[in-house]
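Could you walk me through this model in my viewer, one selection at a time? I would like to know what to pick next and what I will find there.

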Amino acid sequence: MNLDLSPTPAVKKLMIGLLAIWLGFSILINFLELTWAGELYTALSLTPSQVLSEGKLWQVLTYSVLHDLSSPSHVIFNLIALLFLAPPLERRWGYRGFVQFAFYSALIAGIFTLICGLVAPGYFGARVVGVSGVVMAVLAAFSFVMPNATILLFFVIPVQARWIVWL
């Protein structure tokens with residue numbers, strides 16, 4: 001099965017947006033050392049204790065557009081995963097269907113993070129950022145929608161998509 005992996009409109013916008021936000025915060029915080037930018041980054045990050053005890057409900061979604069500023073690999077690997085896995089899903093579901101899927105995936109991953117904060121007290125004050133929850137949902141959807149597609153695990157090992165979700 002030969003898949004067209006060229007970026008689709010929603011995936012392209014998502015990738016550009018995620019990269020722009022990461023670059024913007026990296027420059028504002030790490031190079032310009034602007035205090036307000038660091039405070040904004042913290043306010044947008046998901047910290048279960050802040051959501052549950054301070055009512056910062058927006059964090060359940062805003063965390064997903066941020067990435068670790070000290071690790072470019074965090075945003076790069078998420079973007080690579082989106083580039084390889086998301087376009088076939090957008091082609092199948094359409095622009096709006098994919099955007100809705102990504103939105104609800106981020107929301108569900110955020111809620112799951114809150115539950116983890118309640119169950120594991122050490123996690124209650126942890127700060128979480130990244131679109132990894134959406135990437136995992138995209139990976140799962142890809143493996144169910146296109147089970148016979150071959151994915152190169154670690155860019156080397158060919159594995160049928162149906163088995164990826166179990167790995």
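Start by selecting Leu 89, which sits in helix 5. The model is a predicted one, and in it Leu 89 has a relative accessible area of 0%, so this residue counts as buried. Now show what surrounds it. Setting aside neighbours within four places in sequence, Leu 89 touches Gly 94, Phe 98, Val 138, Ala 141, Phe 142, Val 145 and Met 146. Draw a distance from Leu 89 to Phe 142: the two are 53 residues apart along the chain, yet their C-alpha atoms are separated by 6.8 Å.

Next, widen the selection to helix 5 and helix 6, the latter being residues 132-145. How far apart are the axes of helix 5 and helix 6, and at what angle do they pack? The axes are 7 Å apart and the angle is about 65°. Angles of 65 to 115 degrees count as roughly perpendicular, and therefore helix 5 is roughly perpendicular to helix 6. Turn the view until one helix lies over the other, and you will be looking at a left-handed crossing of helix 5 and helix 6. Colour the contact between helix 5 and helix 6 by residue class, and you get 20 nonpolar residues, five polar and one charged.

Stay on helix 5 and pick His 74, which also belongs to this helix. Beyond its neighbours within four places in sequence, His 74 is in contact with His 67, Asp 68, Val 129, Gly 130 and Ser 132. Add Val 131 to the selection too: 57 residues separate it from His 74 in sequence, while the C-alpha to C-alpha distance is 9.4 Å.

Now bring in helix 1, residues 9-31, together with helix 5, residues 72-119. Their axes lie 6 Å apart, and the packing angle is about 150°. Since angles over 145 degrees count as roughly antiparallel, helix 1 is roughly antiparallel to helix 5. The crossing of helix 1 and helix 5 is right-handed.

To see the contact itself, show side chains on both helices. From helix 1, the residues taking part include Leu 14, Met 15, Leu 18 and Trp 22. On the helix 5 side, look for Leu 79, Leu 82, Tyr 95 and Phe 98, among others. By class, the contact of helix 1 with helix 5 has 18 nonpolar residues, no polar ones and two charged ones. Which residues are the charged ones? Pick Lys 13 in helix 1 and Glu 90 in helix 5, both of them part of this contact.

Follow the chain past helix 1 and stop at Glu 33, in the loop between helix 1 and helix 2 (35-44). Check its backbone: Glu 33 has a positive phi of about 55°, although it is not a glycine. Most residues other than glycine have a negative phi. Is Glu 33 buried or exposed? Its relative accessibility is 61%, so Glu 33 counts as exposed.

Time for some rings. The model has three aromatic pairs. Select Phe 25 and Tyr 41: their ring centres are 5.4 Å apart and their planes meet at 70°, so this pair is edge-to-face. Because Phe 25 lies in helix 1 and Tyr 41 in helix 2, the pair ties together parts that are 16 residues apart in sequence. Both Phe 25 and Tyr 41 are buried.

A second pair to select is Trp 93 with Phe 101, which is tilted, at 4.8 Å centre to centre and 55° between the planes. Trp 93 is partly exposed, at 30% relative accessible area, and Phe 101 is partly exposed as well, at 23%.

Two short helices make the last stops. In helix 4, residues 59-62, pick Gln 59. With a relative accessible area of 0%, Gln 59 is buried. Leaving out neighbours within four places in sequence, its contacts include Thr 42, Leu 44, Leu 46, Gln 50 and Val 51.

Finally, select Ser 49 in helix 3, residues 48-54. What is Ser 49 in contact with, leaving aside its neighbours within four places in sequence? The partners are Glu 54, Phe 124 and Gly 125. At 17% relative accessibility, Ser 49 counts as buried.

Notes. Residues are numbered from 1 along each chain as its sequence is written. This is a predicted model: local features need pLDDT of at least 70, side-chain atom pairs count only at pLDDT 80 or more; totals for chains, interfaces and linings use all residues. Side-chain values use heavy atoms; hydrogens and water are left out. Axes are lines fitted to C-alpha atoms, for helices over the stretch in contact, and angles run from 0 to 180 degrees between N-to-C directions. Helices (H or I, at least four residues) and strands (E, at least two) are DSSP runs, numbered from the N terminus. Angles under 35 degrees count as roughly parallel, over 145 as roughly antiparallel, 65 to 115 as roughly perpendicular and the rest as oblique. A crossing is left-handed if the near helix is turned anticlockwise from the far one by less than a right angle, and right-handed if clockwise. Contact means heavy atoms within 4.5 Å. Buried means under 20% relative accessible area, exposed over 50%, partly exposed in between (1.4 Å probe, protein chains only). Rings of Phe, Tyr and Trp (its six-membered ring) pair if their centres lie within 6.5 Å; planes under 30 degrees apart count as stacked, over 60 as edge-to-face and the rest as tilted.
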